Structure formats: structure tokens, C-alpha cells
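Biologist: I would like to learn how to read a model like this one. Could you take me through it feature by feature?

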Amino acid sequence: MLEIKDLQVHYGGIHALRGISLNVEDGKIISLIGANGAGKSTTLKAIMGLVPKTAGSVLYDGKDISQDKTRDIVKNGLILTPEGRRVFPDLTVDENIALGAYTRNDRAGVAKDRKWVFELFPRLEERKWQAAGTLSGGEQQMLAVARSLMGKPKLLMMDEPSLGLAPLIVKSIFSIIREINQAGVNVLLIEQNAKAALEISDYGYVMETGVITISGTGKDLLVNDQVRKAYLGE
Amino acid sequence: MLTAIAIVIIGVLLFLANMFMDNYQLRILNLSGIYIILSLSMILINGFLGLFSLGHAGFMAIGAYTVALLTTPPMAKQMNYYLDPIVPWLAETEWSFLPAILLGGVLAAIAGFLIGAPVLRLRDDYLAIATLGFAEIIRIVFTNLQSVTNGSLGLKGLPEIEIEIPLPLIGFTLNLSACIWIAAIITILFMVRLVNGSYGKAFKAIREDEIAAEAMGINVFKHKLLAFVIASFFAGVGGAFLGNIMGTVDPLMFRFLLTYNIVLIVVFGGIGSLTGGVLAAIVITAAMELLRFLDSSFDMGPIAVSGIPGLRMVVFSLLLMFIIIFKPRGIMGVREFSWQWLIELPQSIKNSSFGRKKLRKDVSK
């Protein structure tokens, strides 16, 4: 459903992405792993139109969206959960969730999805009236995911959902990602926590300084020697 | 419903005030109304969008001059322009007030659009400096358009605003206070609707995190520009009233100091709270008059202080510093008044620590 070909991005003089090609197939969880500065977040931002692309194409359902505006991309169902959660701290949990559905006009659908995300994250329903900035890190991450889901994503792109969270919460976040995928949402996951990401992924890509070096199914990558040495710490 | 009742009560109170207050007190009341309009318009940009704009004086000047030029009778205009004659297309105009005030707002809004489109790409201090500069440019242009604005001589002898309501049988005329307070109430209701609606949500999202807002599909630039234009409109309307209540407009009125007054109100009331803006507009306006005695000579115990003009502004500067240090979010922060809050107030006082202590005492007895 999403096909990226030879995507290139320059930040000033730095060639941040040197030609990325990857595929997201329908119904799958795809993960993109790699070290700091490999260009993972840049890839997502470039897909969303948040940073300018210097070359390459992004095909979404066969349509080229590489020149589209971010808001149109969001409307089409490509939604990014940005790195570092980025919830709106002074707004309540409920307002944050409502903002996730900003581009949607179908009231009934929004109400249904609101119920659904509260089922996924009962903690958030308990804290509906609380300012998002007063939530714990894990709760804020849940809120960020819930907010993204409110946009009715066909493809949800998550940038480091496990960043800075306790292991137990990381585990529950990953099980929720799987649940979201089973509900029919494709997921493109960016992670430094390679093991956890690959375990739930159908397919994975490994990035190094702006290029994709290895790719394969999640299971294959988990046993790949190079990946094990560099990213799994074995 | 409760809001409607409250408006009726305010209307009755204002009517009584109009009958029993002297001119000086009425003037303070009117100024409060004007500052409500101005502070709400500034809160929209500085509070809800989080953009630090300091261009209000310029937009107010546009509104004030529009109304002054369009509504002053031709004879009075003739007397003002003794250096350069007035341009012919303005010499004979004598509009009624309502369209003139609205046009003042619209022209200010257009200026807001023209200035906002390039300037809103800037952030933080850069935006503040750029808007400040544009306000000053507007003022300088007005100073130098001798044959249109009468330059630094200003316009004097403006007729007081009154709006006739030509209803059959019960036709009546709204005087200046009524016009100001109706405008203030319309401003409050409009802002409350705007801020609580989907635009308001988008504004707040942009304030909190621009990138996340963009990722939600919000058109950040469009919303910024929209808010800027709306705020400029209300600044123009507020300026029109302010010029009118002074009875004269001249370019020196619209210096940065005027913007500073509004910033003071907004910071005092709480950036991001309409309620705070309204309360602070009333409190600060009243205080500015009450503290007038500081400008004249007074005795402080054995020390006789000779009059220092401007001493009350020192008090306000100190006040501003205290607020920034001890209550950086203003008296209201981002909290808002709601009827529900008022209804639950007795209950929450009972439940507060003060109430509970009292309860415990009762039990121990």
C-alpha cells in the first residue's frame, strides 16, 4: 500500500537519506531499525511532507503523494505518531484525543473511534479531564497513540514509541501495537529497541547512515548475525 | 440561558450606572469596556496561539482614524485642516457610526492580513519585533499623510458615538456607553465561541506544539493568519472607540505605550484565559485611575513627595514584575469561568480543606 522508491533528503549540506526504498504491504507491521542518526525519523518526516524531499517518490495506494501537503496526507489516512510523544501538555486528555480527529467530519465515526481508543487505553478514560502534561511518560505515549488512531489511519507510522519508558510499559505498548494491527491498521514502526520491534514485525528494514543495509522478515532478522551483533547486543 | 440572564442583568446595571454615575466614573466604565475588547483581541494571538505580537497600537490607529475621518461633520473637518486642505474625497463624507466602526475593523483586519502574511512565518522575539515595527510604520504613515489624516496635528472635535435603532414605535438611540458595552459583550461571546470551537482547539494545539499540530493535519499557517486577522479586526474596533472617547485622535496616541497597556492587562489576567482578560481589563483600568493621586504631590508620613508625573506607571511596572516572578501565568492562568463552576462553588468550598477543618471541629465537639 505504501511504496517508497529512492527517497533522498538533504539537510543543508548533509545528505541525510541517500536513496531509501521500502514497501509496506497491506495488513502488516513493518519495522525500521537502526542506530541514532541513521535517518529513521527523517524517513517518516519525509513521507509526511514535514521535511522537503530532494528526490524519490512515495506511492500510496498507487498514487504519488510525494508533493502533497501534510494535511492532505493526514486526510488520506497516513498518520504519524511523532517522536517524543508531543502531546499537547496544557490541553486535557479528551481535547488531545479530539484533536486527533481534526481532519474528520463524520461525527458518528469519531464518537465510535473515541470509544474504541478508550477501550484500548482504559487508563486514558480515567484521566479524561487531566491536563496531558501531568500524565506519566507511559500514559503520554498511550495518549499519543490514541490521538493518532483518532485520525482513522490506514497506515500508522510510529516514531520510537518505546523511547524512555519502563520495560513493563514498553511490553504493553508493543502488545497494543499488535492489537491495533489486528484491527486492520497497517503499522510502520521505527525503533531502537530492535528486539521488541522485530518480534512483532512481519518485515523489517535495517538502516545505517541514510541507506538500507539489510532487510528481511522479522524472524530472519532476529537470527541474522549482522543484526544480532550490531543491534541486539549479542 | 444563564448567559442571557447575565447579559440582561449587566444591561440593567449599566443603565443604572448611566443614570447615577458622574461623567468621570462613566468614563472609567467605558474605558474598561474598550480595554475588554482590546485585551481579548490580544489574548487570541498572544494567549491562544502563543505568538508574541506587539502590533496592536497600529491596528487601533487604523480603526480610530477610519471612524474619526468618516463621521466628523464636514464643517468640523474644515477647521482641523489649516496646514494642508483635506483631500476632496474625504471632505464631504459624514457616515453614520455603525458602518464606520465596522469599516474601521475591516480595514484593520485587511492591514492585519497584509502584515500577517509575511510576518507570521517568524517566531518568538522576531515576530514581536516585526509586529512592533509594522505598528510604528502605520503610525509614521499617518503622521505624514498630512492631507488625509491631518498629520501630527491630529483630528479634534470628534462627535460622540451614538447609534440609532430605527425600530417602529420603540425606536431609540444607544449612547456611547451602551455602544461600547454592547461591542464588548459581542466580543466576549464571539471569542468564547471561537475559542471553544474547533478553530479554538486548533489554535491551542498550535500553541502547544506546532509540529504535532501539523502532524494532526492542522493547517498551521492558515490558522495563525486567521487569528491574526480576527484580532486585528477587534483591535480596530477597540481603537475606534478609544479614539472617540478621547474626543481626539493624533499619531502620538498610538505609540508603543498603548500596546504595553494591553500587554499589562493580558499578562495580569493570565495569558490564555478570556475570563482573566475581562477581569484584568476592568481591574487595571480602574486602578490606573485610582492611582492617579501618585502623579500629584502627596505626603507619606513625614516625607512630602512632590508630584512626579508617571509615578503610577512605575507601580504598574513593579506589579508586572511581581506577577511574572510569582504568578507567571497571571491570576487566571488558563482557567475559565463557567456556570458550572459557579453552581458547584458552594459545594467545593465545603469540600475544600478549609471547609473540612471546620467540619472536623464540629465532629470533635
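Modeller: Start with contact. Two residues are in contact if their C-beta atoms, placed from the backbone, lie within 7 Å. Keep in mind that this is a predicted model.

Biologist: How many residues does each chain bring to the contact between chain A and chain B?

Modeller: Chain A gives 20 residues and chain B gives 15 residues. On the side of chain A that touches chain B, two elements supply two or more residues: helix H2 (70-75) and helix H3 (93-100) of chain A. By class, that side of chain A has eleven nonpolar, four polar and five charged residues.

Biologist: Now the sheet in chain A. What is the order of its strands?

Modeller: The order is S2-S1-S4-S5 (chain A). This is an open sheet of four strands, with antiparallel pairing.

Biologist: Which strands stand at the edges?

Modeller: Strand S2 (14-24) and strand S5 (63-64) of chain A do. Each has a single partner strand, so one side of each is left without a neighbour in the sheet.

Biologist: How many bridges join strand S1 and strand S4 of chain A?

Modeller: Five bridges join strand S1 (residues 2-11) and strand S4 (residues 55-60) of chain A, in the antiparallel sense. Use residue pairs to fix the register. Leu2(A) has Tyr60(A) as its bridge partner in S4(A). Gln8(A) is opposite Ala55(A) in S4(A). As for side chains, in a regular strand they alternate between the two faces of the sheet.

Biologist: What links S4(A) and S5(A)?

Modeller: A hairpin, with two residues between the strands. Asp61(A) lies in the turn and has a positive phi of about 50°. S4(A) and S5(A) pair over two bridges, again antiparallel. Leu59(A) has its bridge partner, Asp64(A), in S5(A).

Biologist: On to burial. Is helix H1 of chain A enclosed or open?

Modeller: Count the buried residues. Helix H1 (residues 40-48) of chain A has nine buried out of nine, so it is largely enclosed by the rest of the structure. Among the buried residues are Lys40(A), Lys45(A), Leu44(A) and Ile47(A). Gly49(A) follows H1(A), with a positive phi near 80°.

Biologist: Which helix of chain B shows burial in a similar count?

Modeller: Take H3(B). Of its 16 residues, 15 are buried, so the helix is largely enclosed by the rest of the structure. Check its length too. Helix H3 (residues 56-71) of chain B reaches 23 Å from its first C-alpha to its last, close to the 22 Å expected at 1.5 Å a residue.

Biologist: How do I read helix packing? At what angle do H3(B) and H7(B) pack?

Modeller: Read the angle and the axis distance together. H3(B) and helix H7 (residues 124-144) of chain B pack at an angle of about 35°, with their axes 7 Å apart. H3(B) makes the contact with Ala57(B), Gly58(B), Ala61(B), Ile62(B) and Tyr65(B), while H7(B) uses Phe134(B), Ala135(B), Ile138(B), Arg139(B) and Phe142(B). By class, this contact has eight nonpolar, one polar and one charged residues.

Biologist: And what is the angle between H6(B) and H12(B)?

Modeller: About 140°, for helix H6 (residues 97-119) and helix H12 (residues 220-246) of chain B, with axes 7 Å apart. The crossing of H6(B) past H12(B) is right-handed. Residues in the contact include Gly104(B), Ala108(B) and Gly112(B) of H6(B), and Ser232(B) and Gly236(B) of H12(B). The contact divides into 17 nonpolar, six polar and no charged residues.

Biologist: Why does Ser232(B) count as buried?

Modeller: Ser232(B) has 32 C-beta neighbours inside 10 Å, so it counts as buried; the cut-off is 20 or more. Leaving aside neighbours within four places in sequence, Ser232(B) touches Phe59(B), Ala108(B), Ala109(B), Ala111(B) and Gly112(B).

Biologist: One more pair. Is the crossing of H13(B) past H15(B) left-handed or right-handed?

Modeller: Left-handed. The axes of helix H13 (residues 256-269) and helix H15 (residues 311-326) of chain B come within 10 Å and cross at roughly 35°. Leu264(B), Val267(B) and Phe268(B) in H13(B) meet Phe316(B), Leu320(B) and Ile323(B) in H15(B). This contact has six nonpolar, no polar and no charged residues.

Technical notes: Residues numbered from 1 in each chain as written. Chains lettered and ligands numbered in written order. Predicted model: local features only at pLDDT ≥ 70, side-chain atom pairs only at ≥ 80, totals over all residues. Nonpolar A, V, L, I, M, F, W, Y, C, P; charged D, E, K, R; others polar. Pairing = 2+ DSSP bridges. Axes fitted to C-alpha atoms, helices over the stretch in contact; angles between N-to-C directions. Left-handed = near helix turned anticlockwise from the far one by under 90°. Buried ≥ 20, exposed ≤ 12 C-beta atoms within 10 Å, placed from the backbone. Expected span 1.5 Å × (residues − 1).
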